[in-house]
Amino acid sequence: MAEHNKQNGKQHGSQAGSGLVIAAHGRHYLVQGTVEGKSLKLQCVTRGKKSDVAVGDRVQLKLTSPNQGVIEAIDERRSLLYRSDQYKSKLLAANVTQLFIVVATEPGFADDLISRALVAAEAAGVTAHIVLNKTDIVDALEKTRQRLQLYAVLGYPVHEVSARAFPEQTCATLAPLLAGQSTILIGQSGMGKSSLINLIVPDADIAVREISAALDTGKHTTTFTRLYEMDAADASLDGHPANIIDSPGFQEFGLYQLSEGMLERAFVEFSPYLGKCKFYNCHHLTEPSCAVLEAVKENKIATMRHQLYVQLLHESSQKLY
């Protein structure tokens, strides 16, 4: 029997293929793969202890059994989004072209998280949009709009929807934005991300159950990132279907990985002032004749955004990994 298994492993091991990583949980990945012309969903691992694979990665793999494989290589990425703290980094998604930050009229959302997500998008070269959900809660709508005006002024589009109250209108608003794109949705818990996903992707809940079973995650379906391919005829991206990636709700968005140069360029409102400071190596903290600090004083740069820049600069100096 052992000999038979060995032969079986050899037989599959020689079969090479490629695929798209559609879910990740720990060091286990679910890959929508093609092996010798056959389309397969494969449970995959990486060689050794490497876990640098992200949902959205296109990978080269080898079959080890009829429904399992080993990821051998990651194809070149067009983008990579991740968050990090002092000790480690966590990949969010690869090859995304745009990021949707989902907020709601209630419960309250954190401006810090929005700004950090916008900075991450700028650093990764990914287009960012803000989606305001639950606009049917009119009591809080005007106040929420005012809070989001800061980002609209910076050039980030704000799209108003209500997944539950106005589903058809919500689809009509978002469908043109999603066509031809690879989009990741991020946001705190309670913002209605799941409602939006279920509206945009029919059978999303079935797909999640399948992924959960395949990755043996039990009922913890909110703890992993997953990708849904959209099969609309007009939704192709580089010859591949457009897709939506849903990420777990999180409260913290560390950006310890960004260098000082990356940070100052990721704040779009700093752009007109960079290179105009008295000192060429200005950190925009307390230096005299700093063009950025002058702009803050004159309310051309929001104090809240500059304070976040200072905080991120401090964090990037603390990383230990």
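Start with the disulfides: there are zero in this structure, which is a predicted model. So the tour goes to the cysteines themselves, and to what sits around some of them.

Select Cys 290 first. How far is its sulfur from the closest cysteine sulfur? Turn on Cys 282 as well and you'll find the two sulfurs 3.7 Å apart, too far for a bond, because a disulfide needs them within 2.5 Å. Cys 290 lies in the loop between α7 and α8. Is Cys 290 buried or exposed? Buried, with a relative accessible area of 1%. Now show what it touches: leaving out residues up to four places away in sequence, Cys 290 meets Cys 277, Cys 282 and His 284.

Next, click on Cys 277. Cys 277 is in the loop between α7 (260-266) and α8 (291-297). At 12% relative accessibility, Cys 277 counts as buried, because the cut-off for that is under 20%. Setting aside neighbours within four places in sequence, the contacts of Cys 277 are Cys 282, His 284, Ser 289, Cys 290, Ala 291 and Val 292.

Keep Cys 277, Cys 282, His 284 and Cys 290 on screen together. Which annotation covers them? The unreviewed UniProt entry marks these four residues as "binding site". In the model, Cys 277 touches the other three, Cys 282, His 284 and Cys 290.

For a last stop, jump to Cys 171. Cys 171 is partly exposed, with a relative accessible area of 28%. Flip back to Cys 290 for contrast: there the value is 1%, and the residue is buried.

Key
Residues numbered from 1 in each chain as written. Predicted model: local features only at pLDDT ≥ 70, side-chain atom pairs only at ≥ 80, totals over all residues. Heavy atoms only, no water. Buried < 20%, exposed > 50% of the residue type's maximum accessible area, 1.4 Å probe, protein only. UniProt positions renumbered as here; feature names shortened; annotations may be inferred. Helix = DSSP H or I, 4+ residues; strand = E, 2+ residues; numbered from the N terminus. Contact = heavy atoms within 4.5 Å.
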